[in-house]
Amino acid sequence: MFDFWQRALLFPLAMALVSLLLWGIFGAFPATLFFGVVILLRLLVHLRQLAALENWSMAPESRPVPDASGLWDDVFTRLNKMMRKQREDREKHTAALHQIEQATSALPEGVTILDEADHIEWCNPLAEMHFGLDGSRDVGQQITYLARQPEFVQYLAIANFSEPLILRGTRQDELVLSVKVVPYGINKKLLISRDITRFERIETMRRDFVANVSHELRTPLTVVNGFIETLQDMPKLDNDMARRALVLMGEQTTRMEGMVDDLLTLSRLENSLNTLVEEEVDVPVLLQSLYQDGQALSAGKHAFKLELECTAKLHGNSGELRSAFGNLLSNAVRYTPQGGEIVMRWHMREDGQATFGVRDSGIGIAPEHIPRLTERFYRVDRSRSRETGGTGLGLAIVKHIANRHQAHLEVVSAEGKGSTFSIVFPAKRILA
Ligand code: ADP
């Protein structure tokens, strides 16, 4: 500061001294005139620098700090330094903010920041998706104005955030969200949303599955129990009756055994740790053997044909393929009345996909049932399926095996005329 005053006063003091000298030589008037002119010029120089400063301060970001000399040079140099520091700080903050934004965008959960009146201050892309928000347009809007579900509005109003809220149909009907609010700072809230649609669907499937299995096993168990009670209540056991009862009980236990076998096969196929053991499968040889099995199953009730139109082998698991092909064949036998025709076909499509098909002239399937056939326990005609020893799991197993081979199941059917079930294998599964 002392240095500043020293430098600021040096010029006027020097001029005052010169003026005093002039006074002694030329008199008062020329000396005063000289002093006045010099000070005025000095003032003009300062005004020019001030104007440059004023001009620069109007747009400090886009204009360079003006050049100057003397004391002004010090001021401008300091200003320049301050500006540079400010710019560096801002760049650092922008980079940090960008990093935080990137991190919150990568979060597997939706994050929305709400102020004390539940206005949106910021949200990440997942929150935009969950609540149908637009991060740039909806900032400042009240969240309950955009997500209007009464239970959500109430959840925010009651402000008891100990438990998350399960919210259905925020944006689309099928979307299920788990929403949690975490208060922070001064009356601010973090609204965290998680898409639990898949989890809910799996939970529903699990519940349905347990209910279905229990239902399927209850009927045969009731039958077997009934017979056991009847036999126990009989004072004298009639041999013929006991034998008949045992035969019927045997049928029911075989049915339960079949169902448990199919359930175990399904769970094995679904187990992600059980990867496909691949080998070379000679499909024509496999089909010859299945052709014999089919004829034995039909016991001469149907006309059987095997059409081997190609010799292609597959890269896959022969046990699983035998089970899938066998299931389709056994369905054809079971759903085709006596005298009908069953054709097994192995051929190559024009697009290079290999296809195994079973065509029957059986009872056929109405179109509304076709999309649901591969669901577990789905049957068009329950009693017919049971009578013929069906478990309702056969096509679910076929679909799983097809998927494990990147193949798919195609069904073409007409009620009363017959059906064709085909498994279509991609070209990459075919061995030359
Ligand atoms: P199921 O053990 O009952 O046969 P699947 O999963 O093998 O169970 O088949 C599901 C349902 O699809 C069957 O109950 C039956 O209604 C129908 N279906 C399957 N194959 C045929 C077929 N070839 N002809 C007519 N209906 C069939």
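**Exercise 1. Which backbone atom of glycine 394 lies 3.2 Å from an oxygen atom of the ligand, and what else surrounds the ligand?**

Step 1. A backbone N or O atom of glycine 394 is 3.2 Å from a ligand oxygen atom; a polar contact is a pair of N or O atoms within 3.5 Å. Before going on, note that this is a predicted model, in which local features need pLDDT of at least 70 and side-chain atom pairs count only at pLDDT 80 or more, while totals for chains, interfaces and linings use all residues. Residues are numbered from 1 along each chain as its sequence is written, and side-chain values use heavy atoms, with hydrogens and water left out.

Step 2. Now look at side chains. Tyrosine 335 has a side-chain N or O atom 2.7 Å from an oxygen atom of the ligand, and for asparagine 331 the value is 2.9 Å.

Step 3. Widen the view: 22 residues surround the ligand, each with a heavy atom within 4 Å of it. Tyr335, Ser385, Thr391, Gly392 and Leu395 are the closest.

**Exercise 2. Describe how H10 meets H12.**

Step 1. Find helix H10 at residues 318-334 and helix H12 at residues 394-404. Helices are DSSP runs (H or I, at least four residues), numbered from the N terminus.

Step 2. Their axes come within 9 Å and cross at roughly 145°. Axes are lines fitted to C-alpha atoms over the stretch in contact, and angles run from 0 to 180 degrees between N-to-C directions.

Step 3. List the partners, where contact means heavy atoms within 4.5 Å. Asn327, Leu328 and Asn331 are among the H10 residues that meet H12, whose side includes Gly394, Leu395 and Arg404. By class, this contact holds 7 nonpolar, 4 polar and 2 charged residues. Here Ala, Val, Leu, Ile, Met, Phe, Trp, Tyr, Cys and Pro count as nonpolar, Asp, Glu, Lys and Arg as charged, and the others, Gly among them, as polar.

**Exercise 3. Are H2 and H3 roughly parallel or roughly antiparallel?**

Step 1. Helix H2 (residues 28-58) and helix H3 (residues 70-106) cross at roughly 15°, and their axes come within 11 Å.

Step 2. The two are therefore roughly parallel; that term covers angles under 35 degrees, and roughly antiparallel covers those over 145.

Step 3. In the contact, His46, Gln49, Leu50, Leu53 and Trp56 of H2 meet Trp72, Phe76, Leu79 and Met83 of H3. These split into 7 nonpolar, 2 polar and no charged residues.

Definitions and conventions:
A polar contact is a pair of N or O atoms within 3.5 Å; within protein, one must be able to donate a hydrogen and the other to accept it, and residues adjacent in sequence count only if both atoms are side-chain atoms. Angles under 35 degrees count as roughly parallel, over 145 as roughly antiparallel, 65 to 115 as roughly perpendicular and the rest as oblique.
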